[in-house]
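Reader: I am new to this structure and would like a close look at one part of it, with its surroundings explained step by step. Please begin with a single residue and work outward from there.

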Amino acid sequence: MQIVVVHQGDSLWTIARRFGVSVDEMVQANALTHPERLVPGQALLVPQKNIHRVQPGESLWLIARRYGVSLDSLLQINRIEDPNRIMPGMSIIIPEKEKMEIEVNAYLEPSGTERDVQIVNEVEGFLTYLSLFSAHVEESGGLSPLQDMRALEAVRDSQAIPMLVITNFRAGTFSPELAHAIFSSDNVQDRLIENVLRLLKARGYRALQVDFEHIFPADRTVYNRFLERIAGRLHAEGYLLSTALAPKTSGAQVGTWYEGHDYPAHGRIADFVVIMTYEWGWSGGPPMPVAPIPQVRRVLDYAVSVIPREKILMGAPLYGYDWTLPYVPSGAFARVISPVEAVDLAARVGVSIQYDATAEAPTFRYYDREGREHVVWFEDVRSMQAKFNLVKEYRLRGISFWKLGGAFPQNWTLLADQFRIRSKK
């Protein structure tokens, strides 16, 4: 699989011809609904074997070394009897390397409708875990209901195992007061743990994620203690425990999102963690990429120094934002936009897509019908390839996507091309 960027004047036919594939193969690999409508700067997947064209002075040994494959594998796959008889311009097929095996998680906010089934079916075969977000904890130790039945019915027929997410979410935001109430009473914790276990058993969940955010800094230690208590009960019943962590770059990082999360403790207690390496660009903030690679890299540098890397799932966004300019703090929030919607929008308004080589993210600007300027930052296969490369470079447990429901079919094609996805079933 290769990534190609559309240039002015390109058509799907000319691109397919250039790479020796059919238009139908291009349409299928990219799930294109309007193949006649390409946008300059749009990134496409080309379903082609890795081909190297021999340059003057190259030997087959040098080509093998460049791609990190054996000389024998090149001879075998290309049916070459004499390695000394290759000519400039000859096409050499490069065999695929062994794929890294990873675990893949994705979040779904279930609606309880047939749409949940459709979404789960769309990602069949691509997930290790399907995380249903979320059951809200209550000060009494109760749990709010979750409309999860349709999604759970669908996931039973897939290779993914369902994971329940519990949060300290109340009145539209994460509540440190609510978390504090849980942490302050062993009796409340006992009731919560019993309610969690009852729900896991009744609905067929196999794992739990605790996603408590904006914890009071003073509650950091008691949060760790709560995790130890619930981990003991879950493990005794055969369930996995994961936690969601804010994207920290050091243990001393200050801020309401960061101080309550103790990376070394979570890495010790949980079976694995999901690090939320996204939302640098967020709907209420100034325009910027959602998950710029330099910022993600700084988080991973710290994370692997205090958490076993085989316990880390790196977060990745399946969405972008459309900001109306000028940005005004506390003004109107940016609109969430899927990668497919972003490309369609660029085509409709007649602008080219640019690519920020530092952040490794696509972007474009346009004017709406009222004459207001907008800027869009989103994800495409280039930005996702950059994230997949980090998973490989840091040798992580895997990747976690927030969230399902937006259109980005190329992501799953690229994911399957890059990795073997571990199944827990």
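In which helix does phenylalanine 226 lie?

Author: In this predicted model, phenylalanine 226 lies in helix H9, which covers residues 220–236. Its relative accessibility is 0%, and phenylalanine 226 therefore counts as buried, a term that applies under 20%. Leaving aside residues up to four places away in sequence, phenylalanine 226 touches Ile182, Phe183, Gln189, Leu192, Ile193, Val210 and Phe212. Two of these contacts, Phe183 and Phe212, return in a cluster in which ring pairs link them with Tyr223 and Phe226. For a sense of distance, phenylalanine 226 and lysine 99 are 127 residues apart in sequence, and their C-alpha atoms are 38 Å apart in space.

From that cluster one can turn to the aromatic rings elsewhere, since a search of the whole structure finds 20 aromatic pairs. In one of them, the rings of tryptophan 257 and tyrosine 258 have centres 5.8 Å apart and planes at 50 degrees, so this pair is tilted. Tryptophan 257 has a relative accessible area of 17% and is therefore buried. The rings of phenylalanine 401 and tryptophan 412 have centres 5.1 Å apart and planes at 70 degrees, which means that this pair is edge-to-face. Phenylalanine 401 belongs to strand S19 (residues 398–402) and tryptophan 412 to helix H14 (residues 409–418), so that the pair, eleven residues apart, links distant parts of the chain. Both phenylalanine 401 and tryptophan 412 are buried. A ring can also have a charged partner: lysine 392 lies over the face of phenylalanine 419, at 5.4 Å from the ring centre.

Aromatic residues appear again in the largest pocket, whose volume is about 890 Å³. Its lining comprises 32 residues, and those closest to the centre are Phe133, Phe174, Glu279, Tyr321 and Trp402. Strands S6 (129–136), S9 (173–174), S10 (207–211) and S15 (335–337) are the elements that each give two or more residues to this lining, and S6 provides the largest share, three residues. Sorted by class, the lining of the largest pocket holds 17 nonpolar, ten polar and five charged residues.

The second largest pocket has a volume of about 510 Å³. Among the 18 residues that line it, Asn50, Pro95, Glu96, Lys97 and Asp417 lie nearest its centre. The lining of this second pocket divides into eight nonpolar, three polar and seven charged residues.

Conventions. Residues numbered from 1 in each chain as written. Predicted model: local features only at pLDDT ≥ 70, side-chain atom pairs only at ≥ 80, totals over all residues. Heavy atoms only, no water. 1 Å grid on protein atoms, 1.4 Å probe; cavity = no way out; pocket = protein on both sides within 12 Å on 5 of 7 lines; lining within 4 Å. Points joined across faces, edges and corners; volume = space filled by probe spheres on them. Helix = DSSP H or I, 4+ residues; strand = E, 2+ residues; numbered from the N terminus. Nonpolar A, V, L, I, M, F, W, Y, C, P; charged D, E, K, R; others polar. Buried < 20%, exposed > 50% of the residue type's maximum accessible area, 1.4 Å probe, protein only. Contact = heavy atoms within 4.5 Å. Phe/Tyr/Trp six-rings, centres within 6.5 Å; stacked < 30°, edge-to-face > 60°. Lys NZ or Arg CZ within 6 Å of the ring centre and 35° of its normal.
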